[in-house]
Amino acid sequence: MSEATRLAEPVTGRCLCGAVTITVEAMHAEVDICHCAMCQRWGGAFFAGVKGESVAVTGEEAVTVYPSSPWAERAFCGTCGSNLWYRFLPTGSRSFLAGLFDLPAGFGIEQQIFVDEKPDWYDILQESPMKTGAQIIAEMASQGGSGD
Ligand SMILES: [Zn+2]
């Protein structure tokens, strides 16, 4: 793949409670997907990460960093539990959870790694019911529950 397209404008994301904000400049307009067993355990399924050139983080005091291996650490918000980033220690580079940001249309997938560790159940291309948010909320309401 050639050099990724980069966003012209900085993008700011935040955790669920808003205690932590992350602004990334020159963000690559592609996500990296990791299917490794550690990412699954960390986030519940695959990890979708974005990266850029310079990064500013506010609310650092709310950030908890967990050394997940000798070569990497993973950060999350200590208030709301949102996962924030994966840092590869040998280079210091960070990959931020794509879901923290309201990303513009047109993002692609740069690559998927550890595909050998991906479980079959989240093959999102497999034939399955596809429901919008409104549809599933209406369905849950008709069943009288909140769904969670
Ligand atoms: Zn938070």
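Which residues does glycine 78 touch, not counting residues up to four places away in sequence? In this predicted model, glycine 78 touches Ala62, Val63 and Thr64. The C-alpha atoms of glycine 78 and valine 63 lie 5.8 Å apart in space, although 15 residues separate the two in sequence. Glycine 78 belongs to the loop between strand E7 (72–77) and strand E8 (83–88). The residue counts as partly exposed because it has 17 C-beta neighbours inside 10 Å, whereas burial would require 20 or more.

## Overall architecture

The chain contains two helices and 10 strands. Read from the N terminus, the order of elements is β-β-β-α-β-β-β-β-β-β-β-α. The C-alpha trace spans about 50 × 35 × 35 Å along its principal axes. Of the 148 residues of the chain, 19% count as buried. Among contacts between residues at least 6 apart in sequence, 57% join residues at least 24 apart.

## The seven-stranded sheet

Seven strands form an open sheet with mixed pairing, in the order E6-E7-E8-E9-E4-E3-E10. Its edge strands are E6 (63–69) and E10 (108–113), each of which pairs on one side only. On average, neighbouring strands of this sheet are turned by 30° against each other, direction ignored.

At one edge, E6 pairs with E7 in the antiparallel sense over six bridges. The two strands are joined by a hairpin through two residues. Within this pair, valine 65 has alanine 75 in E7 as its bridge partner. Strand E6 is hardly covered, with a count of zero buried residues among its seven residues. Valine 63, the residue at 5.8 Å from glycine 78 by C-alpha atoms, begins this edge strand, which covers residues 63–69.

At the other edge, strand E3 (residues 30–34) pairs with E10 in the parallel sense over five bridges. Here isoleucine 33 stands opposite glutamine 112 in E10.

## The three-stranded sheet

A further open sheet consists of three strands in the order E1-E2-E5, with antiparallel pairing. Strand E1 (11–14) and strand E5 (54–58) stand at its edges; each has a single partner strand, so one side of each is left without a neighbour in the sheet. The average turn between neighbouring strands of this sheet is 20°, direction ignored. E2 and E5 pair in the antiparallel sense over five bridges, and the bridge partner of valine 24 in E5 is valine 55.

The strand pairs described above are collected below.

| Strand pair | Sense | Bridges | Residue pair |
|---|---|---|---|
| E3 and E10 | parallel | five bridges | isoleucine 33 and glutamine 112 |
| E6 and E7 | antiparallel | six bridges | valine 65 and alanine 75 |
| E2 and E5 | antiparallel | five bridges | valine 24 and valine 55 |

## The nonpolar core

In soluble globular proteins, nonpolar side chains tend to be buried together. The largest nonpolar core of this chain has 20 residues, and those with the most contacts inside it are Ile22, Leu84, Trp85, Phe96 and Leu100. The elements that give two or more residues to this core are E2, E3, strand E4 (47–50), E7, E8 and strand E9 (93–97). Leucine 100 is in contact with Gly13, Arg14, Cys15, Ile22 and Leu84, leaving aside its neighbours within four places in sequence. Among these partners, Ile22 and Leu84 are also listed with the most contacts inside the core.

## Positive phi values and the second helix

Most residues other than glycine have a negative phi. Alanine 26 nevertheless has a positive phi of about 50°. Alanine 26 lies in the loop between strand E2 (21–25) and E3. With 15 other C-beta atoms within 10 Å, alanine 26 is partly exposed.

Phenylalanine 114, likewise a residue other than glycine, has a positive phi near 55°. It is found in the loop between E10 and H2. Phenylalanine 114 is partly exposed, because 16 other C-beta atoms lie within 10 Å.

Helix H2 (residues 133–142) is hardly covered: the count of buried residues among its 10 residues is zero. Glycine 144 follows H2 and has a positive phi, near 80°.

Note on methods
Residues numbered from 1 in each chain as written. Predicted model: local features only at pLDDT ≥ 70, side-chain atom pairs only at ≥ 80, totals over all residues. Pairing = 2+ DSSP bridges. Helix = DSSP H or I, 4+ residues; strand = E, 2+ residues; numbered from the N terminus. Axes fitted to C-alpha atoms, helices over the stretch in contact; angles between N-to-C directions. Buried ≥ 20, exposed ≤ 12 C-beta atoms within 10 Å, placed from the backbone. Contact = placed C-beta atoms within 7 Å. Core = buried A, V, L, I, M, F, W, Y, C linked by C-beta atoms within 7 Å.
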